[in-house]
Amino acid sequence: MALFHLGKKQEEAKAPACACGGAPTEETGVPGGACCCPEAAEGKICCVKVLGAGCKTCHTLHERACEAVRALGLTLEVAYITDMELVMRYGVMRMPVLVINEQVASAGKLLTVAEIEALLRERMA
């Protein structure tokens, strides 16, 4: 039923584009481009998202991403987006998708916690 948006929570569909509350704009290239946060330019992680259809694999990736964020001591919330209109804006064809600072880090693969931590560390360098 998630395909037809029946029974979906409104908050889930209106997830902010970024942890800073910044909205996607053409100038910043968000989504799918550089993040709109000044912190991202400084090599910090400001937003992590999991995009998916709401299946078990997508939920698992979200849980693992949350675990990886906690393990690295980051103080941000991992957004879980199931709104297909928002997902399509990233130009991905396979789910689940991991997005870090508005850039697709992985698509179509269930990553381990260690793999997610490595991707986060790459972007923090």
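This section describes the sheet, the helices packed on it, a pair of cysteines and the nonpolar cores of a predicted model.

The model contains an open sheet of 4 strands, arranged in the order β2-β1-β3-β4 with mixed pairing. Strands β2 (78–81) and β4 (103–107) occupy the edges, and each has a single partner strand, so one side of each is left without a neighbour in the sheet. From one strand to the next, the twist averages 25°. Strand β1 (residues 48–51) and β2 run parallel and are joined by 4 bridges. Within this pair, L51 has I81 of β2 as its bridge partner.

Two helices that pack on the sheet were examined. Helix α3 (residues 56–71) touches β1, β2 and β3 (97–100), and its direction makes about 170° with that of β2. Helix α5 (residues 113–124) touches β1, β3 and β4, and the direction of α5 makes about 25° with that of β3. A residue of helix α3, H62, illustrates the packing of a side chain. H62 has a relative accessibility of 19% and therefore counts as buried, the cut-off being under 20%. Apart from neighbours within four places in sequence, the contacts of H62 are V50, V78, A79 and Y80.

The cysteines were considered next. A disulfide is a covalent bond between the sulfur atoms of two cysteines. The count of disulfides in the model is 0. The cysteine sulfur closest to that of C55 belongs to C58 and lies 3.3 Å away, which is too far for a bond, given that a disulfide requires the sulfur atoms to be within 2.5 Å. C58 is accordingly in no disulfide. As to accessibility, C55 counts as partly exposed at 35%, whereas C58 is buried, with a relative accessible area of 1%.

In soluble globular proteins, nonpolar side chains tend to be buried together. The largest nonpolar core of the model has 20 residues, of which V48, L98, I116 and L120 touch the most other members. Two or more residues are given to this core by each of β1, α3, β2, β3 and α5. Helix α3 provides the largest share, 6 residues. For L120, the contacts beyond neighbours within four places in sequence are I45, V48, A68, V69, L72 and I100. A second core, separate from the largest, consists of 8 residues, among them L51, I81, Y90 and V97. Two of these residues, L51 and I81, are also the bridge partners noted above in the sheet.

Terms used
Residues numbered from 1 in each chain as written. Predicted model: local features only at pLDDT ≥ 70, side-chain atom pairs only at ≥ 80, totals over all residues. Heavy atoms only, no water. Pairing = 2+ DSSP bridges. Axes fitted to C-alpha atoms, helices over the stretch in contact; angles between N-to-C directions. Contact = heavy atoms within 4.5 Å. Buried < 20%, exposed > 50% of the residue type's maximum accessible area, 1.4 Å probe, protein only. Core = buried A, V, L, I, M, F, W, Y, C linked by side-chain atoms within 4.5 Å.
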